[in-house]
Every structure is written in C-alpha cells, then in structure tokens.
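User: Please go through this structure with me, and explain the terms that you apply as you go.

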Amino acid sequence: MTKPLVAGNWKMHGNANTAAELATHLSLHDSAFVGVEVIIFPPAVHLDRVITAAASSMVSVGAQNMSQWASGAYTGEVSGEMLNDIGCDYVLVGHSERRALFAESNQVVAEKFKAAQQQGLTPILCVGESLQQRQQGQTVKVVTEQIAAVTDLVGTKSLCKGVIAYEPVWAIGTGEVASPEQAQAVHAEIRSQLGSQGANTRIIYGGSVNATNAGALFAQPDIDGGLVGGASLEANEFLKIAQLMVQG
Ligand code: PEP
C-alpha cells in the first residue's frame with residue numbers, strides 16, 4: 001500500500017497568526033508521524049504563510065478549493081496553476097459543503113479534478129451521501145455517481161492517481177461518526193469499483209474523526225487515513241490522530 005494519509009481541513013477558521021502557529025507547531029513535531037503523510041488545508045488567504053511555516057518539514061499543504069478554469073475573467077476564483085505556483089501539493093474537490101452551499105454539481109467537481117491534475121496538483125475527491133440518502137438505501141448509488149462523473153471525464157487510471165475521501169454528509173461536523181463497519185463497507189465498495197488500478201489508491205474517511213474514534217477507523221483494511229475537520233484545529237489532537245494512523 002502507498003503511504004497512509006491524514007489531512008486537516010481548517011475550513012474558514014483562524015487568522016494569519018493562528019494559521020502560522022498551527023503550521024509551525026505541526027512542522028516542529030513532524031517526527032511524530034514518520035510513515036504517514038500529513039497534509040493541512042488552510043483558508044486560501046493563509047496558504048502562502050502556511051507553506052512558508054511548513055517548509056522543510058514533512059507537512060504538505062493543500063487548498064480547500066480551486067477553479068475548474070485555467071485563467072480568465074472569473075472574479076474571486078483561484079486557479080490550479082496559481083496554487084501550484086505558490087507551492088501547494090494538494091487540493092480538495094467536491095467537499096460536501098461546496099456541493100451543498102455552492103451548488104457544485106458532479107460535473108463541476110469532475111472538471112475541477114481534471115484541472116487539478118493538469119496543473120500538477122493531487123486532487124482529493126470528496127464523496128458521500130446525506131442522511132436521507134443513507135436511510136433510503138442510496139449510499140452506494142450516490143457515491144458511485146459522484147465517482148463515475150470523474151472517471152467519465154478523466155478515466156479510471158487518472159482517478160486512481162488522486163485520493164478519494166469518503167465523507168458521509170451526516171457525519172461532517174455533527175459529532176456523529178460512521179462506525180468502522182459502515183465506513184469500511186463503503187470504502188471496500190469504492191475500491192472494488194476501481195478494480196485492479198485502485199489497489200494502491202488512498203481512500204480516506206472523513207466525518208467527526210477525533211483521537212478517540214480514529215484508531216478503530218484506521219484499523220479497517222480499506223481505510224487509508226482520515227480527512228479531519230474540527231479536530232485538526234487543535235494541534236495536539238491532530239498529532240494524536242496522525243500517530244494513530246502510524247500505529248494502525
Ligand atoms: C471535513 O470538513 O471534511 C470534516 C470531516 O469535518 P469534521 O471532522 O469536523 O466532521
């Protein structure tokens with residue numbers, strides 16, 4: 001298997017000082033997570049200083065979003081090339097908050113995935129079902145459609161070079177984490193859909209991960225790490241989560 005991955009999505013939290021402090025703290029403690037790749041996703045406006053703070057450490061930095069377009073009259077947008085230019089390695093595409101609050105369709109998310117790879121970034125494709133969809137037995141259908149939009153555009157081989165984050169919407173920011181068995185079942189389904197090309201693709205779980213529940217999730221055979229929101233804003237909690245992936 002490729003290196004497991006623990007990512008911290010800071011969302012729209014913090015300020016310039018807290019962003020630099022958190023990145024510096026994690027960088028100074030990077031020996032704690034040898035064997036696991038750690039990526040932090042600060043707000044776009046703090047990317048530059050976070051990249052500086054994390055330079056020459058093992059902490060990678062990514063953006064929470066990017067434009068599907070390469071350049072042009074798109075006021076307020078940030079392109080993949082701009083992110084690459086300042087030293088970003090990764091970008092989240094299709095986070096459920098962007099799908100729900102900013103009306104990003106499966107097609108737009110697929111275009112962002114493609115643009116990210118064209119600009120030398122590794123996209124982390126977020127997929128997941130709402131509570132209602134789960135209750136109606138549509139989890140696999142929803143996740144399959146979200147993934148198919150990307151494979152239709154870029155092909156399975158390119159998808160497999162990215163990362164997939166399974167994030168059930170009902171578990172994001174709610175404190176209600178999927179059970180290890182629930183998460184493993186969806187991860188295994190995704191991996192089987194990728195076929196042999198997906199054997200080494202990292203499929204990470206997100207949704208109310210913390211230092212108490214991460215160990216059991218990371219012990220599942222098809223869970224290759226975590227995408228952590230709230231708990232990634234607290235340095236020591238996030239370090240503990242990353243260490244659980246090392247031990248798992
Ligand atoms: C997320 O933002 O991707 C996330 C999983 O958030 P939280 O850990 O707070 O549920």
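The exchange below turns to the ligand site and then to an aromatic pair.

Analyst: This is a predicted model, in which local features need pLDDT of at least 70 and side-chain atom pairs count only at pLDDT 80 or more, while totals for chains, interfaces and linings use all residues. Residues are numbered from 1 along each chain as its sequence is written, and side-chain values use heavy atoms, with hydrogens and water left out.

User: What makes the approach of Glu 167 to an oxygen atom of the ligand a polar contact?

Analyst: A polar contact is a pair of N or O atoms within 3.5 Å, and a polar side-chain atom of Glu 167 lies 2.6 Å from a ligand oxygen, so the pair qualifies. Polar side-chain atoms of His 95, at 2.9 Å, and of Asn 9, at 3.1 Å, also lie within that limit of a ligand oxygen.

User: Why is the pair of Trp 69 and Tyr 74 called stacked?

Analyst: Rings of Phe, Tyr and Trp (its six-membered ring) pair if their centres lie within 6.5 Å, and planes under 30 degrees apart count as stacked; Trp 69 and Tyr 74 are 4.1 Å apart centre to centre with 5° between the planes, so the pair is stacked.

User: Why does Trp 69 count as partly exposed?

Analyst: Partly exposed lies between buried, under 20% relative accessible area, and exposed, over 50% (1.4 Å probe, protein chains only); because Trp 69 has 38%, it falls in between, as does Tyr 74 at 34%.

Terms used
A polar contact is a pair of N or O atoms within 3.5 Å; within protein, one must be able to donate a hydrogen and the other to accept it, and residues adjacent in sequence count only if both atoms are side-chain atoms. Rings of Phe, Tyr and Trp (its six-membered ring) pair if their centres lie within 6.5 Å; planes under 30 degrees apart count as stacked, over 60 as edge-to-face and the rest as tilted.
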